[in-house]
Amino acid sequence: MSVDSPNLLLPVPSGPLRVTEIPLINGIAPSPISFSLVIPTYNESANIQRIIQILSQLLDEFIPGKYELLVIDDDSPDRTWAIAQSLTAEYPQLRVMRRQQERGLSSAVIRGWQMSRGEVLGVIDGDLQHPPHVLLQLLKAIEQDADLAVASRHVEGGGVSSWSAIRRFLSRGAQLMGLIILPGVVGRVSDPMSGYFLVRRRSLVGRTLHPQGYKILIEVLARGAVSQVAEVGYVFQERQAGESKVTWKQYVDYIKHLLNLRLSLGHTQRFIQFGLVGLSGVFVDMTVLYLLSDPTTLHLPLTRSKIVSAELAIINNFLWNDRWTFGDVAAKQQGWRQRWKRFLKFNMICLAGLVLNVLVLNLIFNFVIHNRYIADLIAIAVATIWNFWVNLKLSWRVTQVK
Ligand code: GDD
Ligand code: MN
């Protein structure tokens with residue numbers, strides 16, 4: 001069977017939701033194409049023929065022979081998958097997957113991307129509420145080096161047709177909640193609720209995604225290797241046929257998704273690594289202080305010894321943090337100049353942390369707990385949190401959005 005044979009349904013992948021390099025199908029390398037567009041469907045029998053026709057017309061003009069359409073259907077009662085399958089003879093670039101176990105919009109999109117052959121992956125709703133012509137601007141944005149190109153209702157040229165006030169309120173409310181719980185992710189785009197976007201395959205390869213519910217874009221932003229984001233305005237259209245599958249469950253899933261991402265992205269692991277590095281710094285500081293100032297060693301003045309030991313500890317901590325705690329971020333900002341800049345920022349922040357440490361120590365020791373060691377422990381904890389967050393935001397900025 002050739003990989004491109006029409007009519008056959010696509011095999012349904014299982015296991016982790018992880019996009020790989022372009023997969024071999026039955027050991028055969030698929031014909032290279034540049035763009036794979038997933039159309040997730042559930043009961044879209046009244047829309048599917050039209051959207052396939054419009055998308056094919058559009059892409060045949062723009063990138064003839066270099067794209068594929070993947071309809072990923074969750075065993076729709078209205079047999080959308082069967083209608084789509086019957087269209088494959090007329091549209092050879094159309095491939096259809098009928099899922100009968102796993103369900104859900106987000107996982108459907110990722111399973112489609114897993115079976116895709118394109119360097120650029122995309123998703124569009126199957127109900128024509130996402131105007132297909134916007135695809136051309138999204139593809140152009142990717143060509144101009146964006147890793148992610150999002151169709152947004154909230155930038156110039158964007159909007160929604162006649163949404164009820166309640167729907168607008170819910171959509172904006174969901175966005176606000178995302179900004180509070182995951183500012184570093186949701187804050188990177190103007191329309192994090194959008195289900196219409198393109199992403200470079202390389203930004204997702206090897207990354208296991210754990211989406212919940214409808215909002216696949218947040219998952220891509222949070223776990224993908226996305227540094228450049230582009231946005232294109234679009235007007236969300238009125239549905240012509242069928243109805244929206246959004247229920248309260250999608251909103252509950254959305255909040256659960258945000259909280260899960262917060263926990264897994266909360267930099268918890270990074271903070272633990274930062275703390276361990278800090279401990280090694282305490283060891284360096286104490287050892288150098290002993291070697292320089294102890295009466296049994298060089299017996300140099302305490303303050304001068306402390307300045308040297310603190311600075312050596314800061315250098316030790318920078319080297320470890322740059323290679324281990326923030327290694328993934330540092331790898332994106334290679335070169336001595338960048339590294340030197342990171343070191344200077346780290347140094348300034350840690351020296352400020354030292355001043356904070358001394359101030360908190362005196363404050364607590366003199367006014368709260370008259371025990372120097374407990375006061376010092378609290379002061380070290382406060383300074384560590386200061387050092388971690390300010391370095392995360394300044395020295396090792398996790399992403400830059402152009
Ligand atoms: N395979 C599959 N499985 N497809 C689904 C499922 C599912 O469980 N649920 C919905 N779909 C498909 C629909 O058939 C449609 O093509 C698309 O996903 C969007 O579903 P709608 O039910 O029409 O969602 P909406 O109109 O309320 O749109 C909202 O959600 C979209 C998806 O995130 C808006 O926020 C859009 O911006 C967003 O793209
Ligand atoms: Mn819709």
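Is arginine 111 buried or exposed? The exercises below concern a predicted model, and each task is followed by a worked solution.

**Exercise 1.** Determine the burial state of arginine 111, and then describe the salt bridge it forms with glutamate 102.

Solution. Begin with the accessibility of arginine 111, whose relative accessible area is 2%; because buried means under 20%, arginine 111 is buried. Next, turn to the partner: glutamate 102 has 29% relative accessibility and counts as partly exposed. Finally, consider the contact itself, in which the closest N and O atoms of arginine 111 and glutamate 102 are 2.7 Å apart.

**Exercise 2.** Describe the salt bridge between arginine 153 and aspartate 191, and state where its two partners lie in the chain.

Solution. The closest N and O atoms of arginine 153 and aspartate 191 are 2.7 Å apart. This pair links distant parts of the chain, since arginine 153 sits in the loop between β5 (148–152) and β6 (159–160), while aspartate 191 sits in the loop between α6 (183–186) and β7 (197–200), 38 residues apart. As for accessibility, arginine 153 counts as buried at 7%, and aspartate 191 counts as buried at 0%.

**Exercise 3.** Explain why the salt bridge between arginine 270 and aspartate 328 ties together separate parts of the sequence.

Solution. First establish the contact: the side chains of arginine 270 and aspartate 328 meet at 3.0 Å, N to O. Then locate the partners: arginine 270 belongs to helix α9 (residues 268–293) and aspartate 328 to helix α11 (residues 327–330), so the pair ties together parts that are 58 residues apart in sequence. Lastly, compare their burial: arginine 270 is buried, with a relative accessible area of 12%, whereas aspartate 328 is partly exposed at 46%.

**Exercise 4.** Identify the residues that coordinate the manganese ion (ligand 2), and place aspartate 127 among the salt bridges.

Solution. The manganese ion is coordinated by Asp127 through OD and by Gln129 through OE1, at 1.9 to 2.0 Å. Aspartate 127 is buried, with a relative accessible area of 5%, and glutamine 129 likewise counts as buried at 9%. Asp127 also takes part in a network of salt bridges with Glu44, Arg239 and Lys245.

**Exercise 5.** Which residues form the positive surface patch, and which helix contributes its largest share?

Solution. The patch is formed by Arg337, Lys341, Lys345, Lys393 and Arg397. Helix α12 (residues 336–367) supplies the largest share, 3 residues. Lysine 393, by contrast, is found in helix α13 (residues 372–395), and with 48% relative accessibility it counts as partly exposed.

Definitions and conventions: Residues numbered from 1 in each chain as written. Chains lettered and ligands numbered in written order. Predicted model: local features only at pLDDT ≥ 70, side-chain atom pairs only at ≥ 80, totals over all residues. Heavy atoms only, no water. Donors = N, O, S within 2.8 Å, 3.2 Å for Na, K, Ca; no water. Buried < 20%, exposed > 50% of the residue type's maximum accessible area, 1.4 Å probe, protein only. Patch = residues over 30% accessible without salt bridge, like charges linked within 9 Å, V, L, I, M, F, W, Y side chains within 5 Å. Areas by Shrake-Rupley, 256 points an atom, 1.4 Å probe, with all protein chains shown as cover. Salt bridge = Lys/Arg side-chain N within 4 Å of Asp/Glu carboxyl O. Lys, Arg positive; Asp, Glu negative; His and termini not counted. Charge placed at Lys NZ, Arg CZ, Asp CG, Glu CD. Helix = DSSP H or I, 4+ residues; strand = E, 2+ residues; numbered from the N terminus.
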